[in-house]
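Dear colleague,

I am handing over the structure we spoke about, with the sequence alongside, and my notes on what was found follow below it. Please read them with the structure open.

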Amino acid sequence: MERLTYTVCEVAELLGISRSKAYDLVAAGLLPIVPLPGRRKLVARTVLERLVNPSEPAASGLTGGTNGDQHANERPHAPTAPAGRPRSRVAS
């Protein structure tokens, strides 16, 4: 019988990503887990199959690479300082 679920650590190994990245994906909701009471997090085999099959819509969250504002190979832009006059010190 095939396994129905995998631990997040096993999923990380299967996907070739770090364990912390796998937990980041779980926290962001991009890697759905089987809801269980307690701390243990399991990922269904069907979820993994959908993630690695590019024709499935579930994989789009992991393969996007951009947020629409920049290209995948571009560096993020540094935030700009708020407009306005600089504060001046008052001599006493």
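**Surface, fold and contacts**

The chain exposes about 7900 Å², of which carbon and sulfur atoms supply 53%. Please bear in mind throughout that this is a predicted model. The chain holds 4 helices and 2 strands, and from the N terminus on these elements follow one another in the order β-α-α-β-α-α. Of the 92 residues in the chain, 18% are buried. Among the contacts with a separation of 6 or more, 41% are made by residues 24 or more positions apart.

**The nonpolar core**

The largest nonpolar core has 13 residues, and those with the most contacts inside it are V8, V11, L31, V43, V47, L48 and L51. At least two residues of this core come from each of α1 (8–15), α2 (19–27), β2 (42–44) and α3. As a general background to such a grouping, nonpolar side chains tend to be buried together in soluble globular proteins.

V47 serves as an example from this list. V47 is found in helix α3, which spans residues 45–52, and because its relative accessibility is 10%, under the 20% cut-off, V47 counts as buried. Which residues does V47 contact, once its neighbours within four places in sequence are left aside? They are L31 and P32. In the case of L31, which lies 16 residues from V47 along the chain, the two C-alpha atoms are separated by 7.7 Å.

**R45 and the salt bridges**

A search of the whole structure finds 3 salt bridges, and R45 deserves a careful look here, as it takes part in a salt bridge with E2 and in another with E49.

In the pair formed with E2, the side chains meet at 3.8 Å, N to O. This pair links distant parts of the chain, since E2 belongs to the segment before β1 (5–7) while R45 belongs to helix α3, 43 residues apart. Is each partner buried or exposed? E2 counts as exposed because its relative accessibility is 57%, over the 50% cut-off, whereas R45, at 19% and therefore under the 20% cut-off, counts as buried.

In the pair formed with E49, the side chains meet at 3.3 Å, N to O. Both R45 and E49 lie in helix α3, 4 residues apart, which is about one turn of the helix. E49 counts as partly exposed, with a relative accessibility of 42%. Through salt bridges that share partners, E2, R45 and E49 are joined into one network.

The surroundings of R45 also include the N-terminal part of the chain: leaving aside its neighbours within four places in sequence, R45 is in contact with E2, R3, L4, T5 and Y6. In addition, the side chain of R45 reaches the backbone oxygen of R3 at 2.8 Å.

R3 itself forms a salt bridge with E10, in which the closest N and O atoms are 2.8 Å apart. Both partners fall between the cut-offs of 20% and 50% and are therefore partly exposed, R3 having a relative accessibility of 43% and E10 a relative accessible area of 28%.

With best regards

Technical notes. Residues are numbered from 1 along each chain as its sequence is written. This is a predicted model: local features need pLDDT of at least 70, side-chain atom pairs count only at pLDDT 80 or more; totals for chains, interfaces and linings use all residues. Side-chain values use heavy atoms; hydrogens and water are left out. Buried means under 20% relative accessible area, exposed over 50%, partly exposed in between (1.4 Å probe, protein chains only). Contact means heavy atoms within 4.5 Å. Accessible areas come from the Shrake-Rupley method with a 1.4 Å probe; for residues, only the protein chains shown count as cover. A polar contact is a pair of N or O atoms within 3.5 Å; within protein, one must be able to donate a hydrogen and the other to accept it, and residues adjacent in sequence count only if both atoms are side-chain atoms. A nonpolar core is a set of buried Ala, Val, Leu, Ile, Met, Phe, Trp, Tyr and Cys residues joined through side-chain atoms within 4.5 Å. A salt bridge is a side-chain nitrogen of Lys or Arg within 4 Å of a carboxyl oxygen of Asp or Glu.
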